[in-house]
There are 2 protein chains.
Amino acid sequence: MINASIITIGDELLIGQVVDTNSAFIAQEINKAGFFVKRRVAVGDDKTAIIAALNEEKIHSDIILITGGLGPTADDITKPLLCEYFGGKLVINEAALANVKHLFENIFKRPFTERNIKQGEVPDVCTVIQNKLGTAPGMVFTQIIEGKEKIFFSMPGVPFEMKGMITDDVIPMLQKKFAVAHIAHRTLLTAGIGESMLADMIQSFEEKLPLNIKLAYLPSYGFVRLRLTAVSDNAAENDETLNKLFASLQLLVTDYFVTNEDEPMEKVVGKLLLQKGKKMCTAESCTGGYIAHLITAMVGSSQYYDGSIVSYSYRAKEDLLQVEKNILETKGAVSEEVVLQMAKGALKNIGSDYTIALSGIMGPGGAMQDKPVGTVWVCVGKKSKLQTHKFHFRFDRERNIRLTALNALNMLRKFILEDVE
Amino acid sequence: MINASIITIGDELLIGQVVDTNSAFIAQEINKAGFFVKRRVAVGDDKTAIIAALNEEKIHSDIILITGGLGPTADDITKPLLCEYFGGKLVINEAALANVKHLFENIFKRPFTERNIKQGEVPDVCTVIQNKLGTAPGMVFTQIIEGKEKIFFSMPGVPFEMKGMITDDVIPMLQKKFAVAHIAHRTLLTAGIGESMLADMIQSFEEKLPLNIKLAYLPSYGFVRLRLTAVSDNAAENDETLNKLFASLQLLVTDYFVTNEDEPMEKVVGKLLLQKGKKMCTAESCTGGYIAHLITAMVGSSQYYDGSIVSYSYRAKEDLLQVEKNILETKGAVSEEVVLQMAKGALKNIGSDYTIALSGIMGPGGAMQDKPVGTVWVCVGKKSKLQTHKFHFRFDRERNIRLTALNALNMLRKFILEDVE
């Protein structure tokens, strides 16, 4: 099995100003391609720290994937450093320079300055990967360590530029260079059961797993994903074994099963709607458009999603959803009566087949007597039948919003599955 | 300066199934407390890999912060491993066990099984941090390396459990143990200028910076943040120097200045509205509720945000925003005329002072003749005055949605600033 290390460079990663989404993407793609990501390391824009990371990771792994520090400003030191590390000198790469000029003149429509010429320079000891989406070229270096060739890829830290290079250049180069083992993953999602109970339920299955198959429990927002991973040199055999075991696992958790794809809840609901040829809408108060966002972030969601009324204020609830003022005043915005009226208003005004309506207190403020932070009323259903449920989440605002959205989508999923007419 | 390393444990980090938000949070808090995060390392649920990481990071740093691998299932190996690494044996911790029992019986309302007793065990060579928000206790170990005491914290990987421990236990313990240098950051946000142009504009400022002050360029979605970082043993002097330099920097970029706080665009707009005592609403098509979500994710947004009409379908545009069918058919949903009508509809139906209305093609499908993917019409304004602008973004769906949202919020920000009546 060929090991890979990911090194991300940038002070912003060490002071926590940005979340490192690059590593996750690279890990995913490298893994799918049949390599084993052994370590991910983040270091600052600091020469000593970067060199230490290069020295360590080339011992741990055969493939070293580096992102960040390739910008045109003084805090970006990766390019000259790599040039020195691999014993080269910086030279203009005509294709890279032409690309930078083209971007400034035709796309950014900003003046091309002296500083930008440096963006077309690369070490003369690397293979250049042209950047189709930005200014900084990618670079490939090799070095022999204890008789073994190690390969280093340096890519920009800008996510979509890096992504283009990983998919179009890095993976094809790696697959050409190495004959790789076959890694396969299958993931299923459960709802309504905790990690420990699930573990007890499938204990004997887990104990009997062959050594090349691993089972992982991935709890997230009240749902638990189970992932089986199989590694083998024989791809066909590997897939067959994994699929057989995965089928048994699904049978063991039938009562809590949501999906056997590695896909989010909003996609599960979307597929169900497409399958039934139905459309849905939402009426959101406490989630403030988050459910609409989750759904519409999916490609093709316009086929099953009509829209949302985000009624954040009392007035919006009255004007846009015809919630009665009297009910709002006597029962409060966070009540079963209000979410029922919101659902009816949404179905009437937007005209979809199904709806989710919800109202709650996401915190940190807003708690009322008998209604602590985290209280949420959810209503799902259709014109002829509505269901309500009261949830109580115990976390911070961000997590409460996410929990509310996922649990409301799960409620609608179950409603649609049971809705035979 | 005291160095810290963060080790995150979990196979899911190496196959890219989850984004590591824990590291960013820990880094932020540890940094604010006056320590220097030197490295972040992620390794899998693998004994050899975890031990290698512990061995390496205790050389790099004096503080080692570990998260993950503390769950009750077979793939969680961190606790017994740390027990062995530090030469202890597992014993029941009565307080931890009582906490696990309490959570199962009173909060999760799930049966307490044999497996869960193990969650109350800890190595007898550690100091226990009780987990107020979950089952796995935190653990603190020390070890002398080359005559120097190194301190190790092991925390659960569940984000909100880890966050509670960092804030309530880890930081206070560290501040008690070490006399720390003072680190201060100031960040400003610019709009409408690229990284290179900005660098040219402030080149002489940057060259004259004292050695203990660092300037970083953080480009993100068409905006560039500039961050000054100062390190010194004298806190008062450090803050004074930094504030003076930060004030000069602000003056140099006045024309492109958005905010001198490290805050997102939606918060800048929110503060502006609060200051003016005005409220806003949105009418979203292509962003599908994302702007509403950004705004309502902010605490206190109900003071300045009324709601959104997410009109994803043609029918929703007609029914909820009174966009004329004739205009939709002749001009298309992505047109100046439609966003003007959407804005008018939103202002009329929701009754806010200001609005943002937008319609575009986020991709990958949906391109039309003369309207490629990434075409977006945005309208901002108030009843008596509306402004429109056509954008063209060139990226993937996710990025196009985010770019659209941020640029639309920036348009409204400028509109409000210029709106003197």
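## A buried strand and its surroundings in a two-chain model

In chain A, β15(A) is mostly covered, for 7 of its 7 residues are buried. The model is a predicted one, and the description that follows starts from this strand, moves through its neighbours in chain A, and then turns to the pairing of the two chains.

**The strand β15(A) and its partners.** The side chains of the strand are divided between two directions: A:Tyr354, A:Ile356, A:Leu358 and A:Gly360 point one way from β15(A), whereas A:Thr355, A:Ala357 and A:Ser359 point the other way, and all of these residues are buried. β15(A) pairs with β13(A) in the parallel sense over 5 bridges, and within that pairing A:Met280 has A:Tyr354 of β15(A) as its bridge partner. β15(A) is also joined to β16(A), here by 6 bridges and with the two strands running antiparallel; in this second pairing A:Gly360 stands opposite A:Val376 of β16(A).

**A cysteine beside the end of the strand.** Which residues, beyond its neighbours within four places in sequence, is A:Cys286 in contact with? They are A:Leu358, A:Ser359, A:Gly360, A:Ile361, A:Met362, A:Val376 and A:Thr404. A:Cys286 itself is placed in the loop between β13 (280–284) and α12 (290–296) of chain A. Its C-alpha atom is separated by 5.2 Å from that of A:Gly360, although the two residues are 74 residues apart along the chain. Is A:Cys286 buried or exposed? A:Cys286 counts as buried because 25 other C-beta atoms lie within 10 Å, where 20 or more are required.

**Backbone features in the loops.** As background, most residues other than glycine have a negative phi, and most peptide bonds are trans. Two sites in each chain depart from these patterns, and the table sets out their values.

| Site | Feature | Value | Location |
|---|---|---|---|
| A:Gly363 to A:Pro364 | cis peptide bond | omega near -5 degrees | A:Pro364 in the loop between β15 (354–360) and β16 (375–382) of chain A |
| B:Gly363 to B:Pro364 | cis peptide bond | omega about -5 degrees | B:Pro364 in the loop between β15 (354–360) and β16 (375–382) of chain B |
| A:Gln322 | positive phi | near 55 degrees | loop between α13 (314–321) and α14 (325–331) of chain A |
| B:Gln322 | positive phi | about 55 degrees | loop between α13 (314–321) and α14 (325–331) of chain B |

The cis bond from A:Gly363 to A:Pro364 thus belongs to the loop that follows β15 (354–360) and leads to β16 (375–382) in chain A. As for the glutamines, A:Gln322 counts as partly exposed because it has 14 C-beta neighbours inside 10 Å, and B:Gln322, with 14 C-beta neighbours inside 10 Å, likewise counts as partly exposed.

**Chain A as a whole.** Chain A contains 16 helices and 17 strands, and its C-alpha atoms fill a box of roughly 75 × 60 × 40 Å, taken along the principal axes. Of the 421 residues in chain A, 48% are buried. Among contacts in chain A between residues at least 6 apart in sequence, 65% join residues at least 24 apart. The domain assignment of chain A gives domain 1 (3–177), domain 2 (182–259) and domain 3 (265–418), and the centres of domain 1 and domain 3 of chain A, taken over C-alpha atoms, are separated by 44 Å.

**The two chains together.** A rotation of 180 degrees, with 0.0 Å of shift along its axis, superposes chain A on chain B with an RMSD of 0.1 Å. The two copies are therefore related as by a two-fold rotation axis. The same surface serves both copies, in that 100% of the contact residues of chain A recur in chain B.

How many residues of chain A are in contact with chain B? There are 81 of them, in contact with 81 residues of chain B, and on the side of chain A that touches chain B the residues divide into 37 nonpolar, 24 polar and 20 charged. Strand pairing also crosses between the chains: 5 bridges join strand β2 (residues 36–43) of chain A to strand β2 (residues 36–43) of chain B, and the two strands run antiparallel. Within this pairing, A:Arg40 has B:Ala42 of β2(B) as its bridge partner.

Conventions:
Residues are numbered from 1 along each chain as its sequence is written. Chains are lettered from A and ligands numbered from 1 in the order in which they are written. This is a predicted model: local features need pLDDT of at least 70, side-chain atom pairs count only at pLDDT 80 or more; totals for chains, interfaces and linings use all residues. Copies are superposed by least squares on the C-alpha atoms of residues with pLDDT of at least 70 in both. Two residues are in contact if their C-beta atoms, placed from the backbone, lie within 7 Å. Helices (H or I, at least four residues) and strands (E, at least two) are DSSP runs, numbered from the N terminus. A residue is buried if 20 or more other C-beta atoms lie within 10 Å of its own, exposed if 12 or fewer, and partly exposed in between; C-beta atoms are placed from the backbone. Ala, Val, Leu, Ile, Met, Phe, Trp, Tyr, Cys and Pro count as nonpolar, Asp, Glu, Lys and Arg as charged, and the others, Gly among them, as polar. Two strands pair if DSSP finds at least two bridges between them. Domain bounds come from an automatic or database domain assignment.
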